[in-house]
Amino acid sequence: MVSKEDVKYIAELCKLKFSEEELEEFTAEFCRIIGFVELLKEVDTEGVEATYHVSPKIQPLREDKVEPSLSREKVLQNAPEEQYGYFKLPRIMD
Amino acid sequence: MRYKTMIGLEIHVELMTKTKIFCGCPNDFGGDVNTHCCPVCLGLPGALPVLNKSAVEYAIKAGLAFNSQIATRTRMDRKNYFYPDLVKGYQISQDEIPLCSGGYVEIEKEDGPKKIRLMRIHIEEDTGKSIHTEEADTLLDYNRGGVPLIEIVTYPDMNTPEEARLFLEKLRATLKYIEVSDCKMEEGSLRCDININVIDTQTNTRTNITELKNLNSFKAAVKAMEYEEKRHIALLEAGKNTEGETRRWDEVKNETIVMREKGGVADYRYAPDFDIAPIVIEEEWIDEIRNSLPELPHDKKERFIREYGLPEYDAGVLTQSKELADFYEETNKYAKDPKQVSNWIMGDVLRRLKDEELEIEDLKFGPKDLAHLLELINSGKISNNIGKKVLREMFETGGKPEKIVKERGLIQISDEGELESIVKKVLSENQQSIIDYKNGKDRALGYLIGQVMKATKGKANPQLVNKMVREMIEE
């Protein structure tokens with residue numbers, strides 16, 4: 001089942017931080033969810049083709065035609081800060 | 001060979017569609033910062049991506065050109081990671097079911113052809129571009145975000161940096177042939193990551209794989225691989241191993257430098273992207289695309305051998321790029337001797353281009369001009385050597401050969417009367433050489449001819465001078 005370490009790891013991947021209390025809570029919740037999914041394992045899927053997508057639709061393909069883009073003003077409307085037309089962020093290096 | 005190097009490549013190629021992969025924003029390089037963006041490629045809530053038909057078509061074209069299997073049902077997946085150049089917190093890519101699987105690229109080695117197998121080719125969106133300023137800020141331009149990419153992944157079938165280079169050259173030439181990408185490394189439309197390690201075949205120990213990134217030219221890629229090959233072998237010889245890490249090539253220091261340690265494989269938590277329904281590719285469409293493929297490098301090479309009677313080597317060189325092959329064929333339309341055209345292009349033209357790091361497209365003169373130059377030589381109006389001189393000027397000024405010859409007064413002197421006085425003068429000034437020649441020193445003849453050529457600034461017809469000098473000495 002899911003351990004507290006697993007929850008911590010998933011939180012890290014999502015760049016989230018939780019208190020000890022929250023970690024306990026999520027661990028219990030994750031266990032319940034996984035437990036529920038475990039139930040599905042009881043179904044006999046012998047000879048059933050794997051579902052690779054749940055949508056019954058087929059993706060329509062778009063013609064390669066240029067549509068108007070937003071003005072730069074609009075593009076930057078939600079930017080926390082801007083400079084020379086760029087979104088400006090504190091330095092981030094990989 | 002005790003040590004065996006294994007090289008696998010991951011190549012990202014931007015497709016030259018008119019619009020981005022999931023929205024109608026223009027896909028072109030160098031637009032004003034943040035002006036090719038819309039709610040879809042900015043990842044604004046509620047925006048719905050719709051797959052570009054041309055992006056799928058171009059990727060299928062590439063798959064067919066590399067002999068891959070094309071999936072008739074596929075899907076897009078989300079690759080989750082956080083980096084500010086990725087607006088949504090996930091990249092729309094393909095995981096389990098790539099559009100194209102398998103296939104190969106055949107490279108021409110000196111000891112024969114070799115097949116480099118492909119694992120897959122999938123489609124995905126490009127990320128935005130970040131610039132790190134000196135003031136410790138990161139600036140982001142999302143014009144590139146959502147540009148269609150194909151990622152081509154090979155098996156580690158290359159055993160030398162040279163094989164990897166040949167593979168990259170062939171891959172680039174083919175992608176340019178089928179016109180799905182301009183493959184300009186300097187503009188980032190072709191980017192290559194390298195996985196490399198070495199096996200000691202005696203002890204069967206192998207080094208951990210090093211990933212090489214940020215290679216901005218094939219030359220840099222080769223240097224980085226050569227450097228790594230040596231580093232891995234040295235560690236093996238010392239009974240040590242490499243750290244499984246990512247390195248980059250430092251152009252100034254001429255060495256690879258650690259970018260990040262591997263510390264656990266990245267966990268991207270791939271999941272199907274439910275904004276995009278299953279993609280169904282009709283067999284008929286695949287056939288249609290197959291039929292629309294232009295002649296590929298290999299077929300063109302075979303045709304050049306057949307049609308122009310060229311040696312295999314010439315045909316191979318001339319079909320390296322579509323532009324070069326087109327230039328050759330176009331020149332031939334106006335010229336008479338296909339092998340002569342090949343000699344001039346492979347010799348003086350390519351050498352000069354290589355020296356100046358230019359492509360055939362950068363030439364200031366056209367195929368017709370080159371054909372006219374050869375015609376001037378073949379008709380005896382100018383000598384071969386003067387022809388080379390004229391070609392040099394054509395490189396620099398793009399001038400027409402006839403005009404250069406006329407303006408510079410380079411027309412070959414083939415008139416005996418005109419040459420007679422010059423030959424006489426040279427002979428009278430070089431009595432000793434005449435004696436030497438008569439005493440059996442053949443070199444003296446060459447010297448005398450050289451003096452006549454010099455006196456005419458290279459314009460005299462060399463065959464004629466040769467004949468006249470001999471005759472006059474005999475008299």
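# Close-up views of chains A and B

**Figure 1. Overall character of chain B in the predicted model.** Of the 475 residues of chain B, 37% count as buried, and this is a predicted model, as are the views that follow. The secondary structure of chain B comprises 15 helices and 18 strands. Its radius of gyration is 29 Å, whereas a compact globule of 475 residues would have a value near 23 Å. Along the principal axes, the C-alpha atoms of chain B occupy a box of roughly 95 × 55 × 50 Å. Among the contacts in chain B with a separation of 6 or more, 68% are between residues that lie 24 or more positions apart.

**Figure 2. The packing of helices α1 and α2 in chain A.** Helix α1 of chain A covers residues 4-13 and helix α2 of chain A covers residues 20-40, and the two pack with their axes 9 Å apart and at an angle of about 105 degrees. Because angles of 65 to 115 degrees count as roughly perpendicular, α1(A) and α2(A) are described as roughly perpendicular to each other. From α1(A), the contact is made by Lys4(A), Val7(A) and Lys8(A), while α2(A) contributes Leu23(A), Phe26(A), Thr27(A) and Phe30(A). By residue class, the contact of α1(A) with α2(A) contains four nonpolar residues, one polar residue and two charged residues.

**Figure 3. The side of chain A that touches chain B.** In this view, 33 residues of chain A are in contact with 40 residues of chain B. On the side of chain A that touches chain B, at least two residues are supplied by each of α3 (72-75) and β2 (86-90) of chain A, and the largest share, five residues, comes from β2(A). The residues on this side of chain A divide into 16 nonpolar, six polar and eleven charged.

**Figure 4. Strand pairing between chain A and chain B, and the neighbouring hairpin.** Strand β2(A) pairs with strand β10 of chain B, residues 137-141, in the antiparallel sense over four bridges. Within this pairing, Pro90(A) has Asp137(B) of β10(B) as its bridge partner, and Lys88(A) has Leu139(B) of β10(B) as its bridge partner. Strand β10(B) also pairs with strand β9 of chain B, residues 129-132, again in the antiparallel sense and over four bridges. In that second pairing, Ser130(B) stands opposite Leu140(B) of β10(B). The hairpin of β9(B) and β10(B) has four residues between the strands, and Ala136(B) takes a positive phi near 65 degrees there.

**Figure 5. An open sheet of three strands in chain B.** The strands of this open sheet follow the order β5-β4-β17 in chain B, and their pairing is antiparallel. The edge strands are β5 (90-93) and β17 (271-272) of chain B, each of which pairs on one side only. Strand β4(B) pairs with β5(B) in the antiparallel sense over four bridges, whereas strand β4 of chain B, residues 77-80, is joined to β17(B) by two bridges, also in an antiparallel arrangement. Residue Arg78(B) can be followed across both pairings: it stands opposite Ile92(B) in β5(B), and Ala271(B) is the bridge partner of Arg78(B) in β17(B). Asp77(B), in turn, stands opposite Pro272(B) in β17(B).

**Figure 6. The surroundings of Pro338 in chain B.** Pro338(B) is found in helix α8 of chain B, which covers residues 338-355. Since a residue is buried if 20 or more other C-beta atoms lie within 10 Å of its own, and exposed if 12 or fewer do, Pro338(B), with 18 C-beta neighbours inside 10 Å, counts as partly exposed. Leaving aside its neighbours within four places in sequence, Pro338(B) is in contact with Tyr308(B), Gly309(B), Leu310(B) and Asn332(B). By contrast with those contacts, Ala266(B) lies 72 residues from Pro338(B) along the chain, and the C-alpha atoms of Pro338(B) and Ala266(B) are separated by 55 Å.

Terms used. Residues are numbered from 1 along each chain as its sequence is written. Chains are lettered from A and ligands numbered from 1 in the order in which they are written. This is a predicted model: local features need pLDDT of at least 70, side-chain atom pairs count only at pLDDT 80 or more; totals for chains, interfaces and linings use all residues. Two strands pair if DSSP finds at least two bridges between them. Axes are lines fitted to C-alpha atoms, for helices over the stretch in contact, and angles run from 0 to 180 degrees between N-to-C directions. Angles under 35 degrees count as roughly parallel, over 145 as roughly antiparallel, 65 to 115 as roughly perpendicular and the rest as oblique. Two residues are in contact if their C-beta atoms, placed from the backbone, lie within 7 Å. Ala, Val, Leu, Ile, Met, Phe, Trp, Tyr, Cys and Pro count as nonpolar, Asp, Glu, Lys and Arg as charged, and the others, Gly among them, as polar. The radius of gyration is taken over C-alpha atoms; the globule rule is 2.2 Å times the number of residues to the power 0.38.
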